[in-house]
Amino acid sequence: MTEEFENLRVETRTSEFANEVLVLEIWKGFVCLYNPVEARNRGVGILQSVAYADSEAAIFKALVGLDERKGFGGIPKKTMQLAITALQVVRKQRQPLPEGINPIFGFSTQQPLVDLIINSHKISLDLDTARTHALHLLEAAEAAVSDNFFLNQLVIEEWRDLMTEMSGYRQKQWLEALL
């Protein structure tokens, strides 16, 4: 688990202004708000990015023989150019990703990573961490959809307060399960 992930979390919260449940992506105090559809799209985009980063790293390593070498020293220039060209072709064929999500191959770490932009701040996550974060976004999006259904069906203010309390309870239970 990366240090960035320790400071990254996902929550659902009832908006006081829009009277709907939103998904919050929080990193070191920076918050991005998403409606359930946006959160679902971001989660799916992160999962796509994980697949792209993993496959591109495998292609690059196979073409330059990184598994047999220690670092990039000694790789013939033609081999390196072929690998870079192959990655450019692969990247042109992939589906576009949502804004703020970018699969990369870390040349210094020789590992595939996923860069995320959260409120104008870039963080890099390893693939397992990115995959886990994407699943948290998808889970929160589904919780927000069901909460919004009940919230829209409840017209009495007391019931709305109860739904807000239930959302907080769900978040508390989820955080306790992590510890």
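What percentage of the 179 residues of the protein count as buried? The answer is 41%, and a good way to see where some of them sit is to walk through the model one selection at a time. Keep in mind that this is a predicted model.

**Colour by confidence**

Start with the whole chain coloured by pLDDT. The mean is 83, and 87% of the residues reach 70 or more. Now select residues 3-6: this is helix 1, which has the lowest mean pLDDT among the elements, 60. Switch to residues 111-118, and you have strand 5, with the highest mean, 94.

**Trace the chain**

Change to a cartoon view and follow the path from the N terminus. You will pass five helices and six strands, in the order α-β-β-β-α-α-β-β-β-α-α. Of the contacts with a separation of 6 or more, 56% are between residues 24 or more positions apart. If you turn on a surface, the protein exposes about 10,700 Å², and carbon and sulfur atoms supply 55% of that.

**Helix 2, end to end**

Select residues 36-64, which make up helix 2. With 29 residues at 1.5 Å each, helix 2 should span 42 Å, and its end C-alpha atoms are indeed 42 Å apart. Add N35 to the selection to see the cap at the N-terminal end: a side-chain oxygen of N35 lies 2.9 Å from the backbone nitrogen of V37. At the other end, helix 2 is followed by G65, with a positive phi near 70 degrees.

**Into the core**

Next, show V23, I46, V114, L116 and I123 as sticks. These are the residues with the most contacts inside the largest nonpolar core, which has 26 residues. Elements giving two or more residues to this core include strand 1 (8-14), strand 2 (21-27) and strand 3 (30-34), along with helix 2, strand 5, strand 6 (121-126) and helix 4 (127-153). Helix 4 makes the largest contribution, eight residues.

Centre on I46 and display what surrounds it. Beyond residues up to four places away in sequence, I46 touches I101, L116, A130, H133, A134 and L137. Then select F60, M80, L87 and F105: they are among the eight residues of another core, which lies apart from the largest one.

**A buried aspartate**

Go back to strand 5 and pick D115. Is this residue buried or exposed? D115 is buried, because its relative accessible area is 7%, under the 20% cut-off. Show side chains here and you will find a polar contact of 2.5 Å between D115 and S124. Leaving aside neighbours within four places in sequence, the contacts of D115 are G100, I101, N102, I104, K122, I123 and S124.

**Helix 4 and on to helix 5**

Select residues 127-153 for helix 4. Its 27 residues reach 39 Å from first C-alpha to last, close to the 39 Å expected at 1.5 Å a residue. Include D126 and look at the start of helix 4, where a side-chain oxygen of D126 comes to within 3.1 Å of the backbone nitrogen of D128.

For the last stop, select residues 157-178, helix 5, and find L162 in it. L162 counts as partly exposed, because its relative accessibility is 42%, and that value falls between the 20% and 50% cut-offs. Finish by drawing a distance from L162 to L151: their C-alpha atoms are separated by 9.5 Å, with the two positions 11 residues apart along the chain.

Definitions and conventions:
Residues are numbered from 1 along each chain as its sequence is written. This is a predicted model: local features need pLDDT of at least 70, side-chain atom pairs count only at pLDDT 80 or more; totals for chains, interfaces and linings use all residues. Side-chain values use heavy atoms; hydrogens and water are left out. pLDDT is the predictor's confidence in each residue, from 0 to 100. Helices (H or I, at least four residues) and strands (E, at least two) are DSSP runs, numbered from the N terminus. A nonpolar core is a set of buried Ala, Val, Leu, Ile, Met, Phe, Trp, Tyr and Cys residues joined through side-chain atoms within 4.5 Å. Buried means under 20% relative accessible area, exposed over 50%, partly exposed in between (1.4 Å probe, protein chains only). Contact means heavy atoms within 4.5 Å. Accessible areas come from the Shrake-Rupley method with a 1.4 Å probe; for residues, only the protein chains shown count as cover. The expected span of a helix is 1.5 Å times one less than its number of residues. A polar contact is a pair of N or O atoms within 3.5 Å; within protein, one must be able to donate a hydrogen and the other to accept it, and residues adjacent in sequence count only if both atoms are side-chain atoms.
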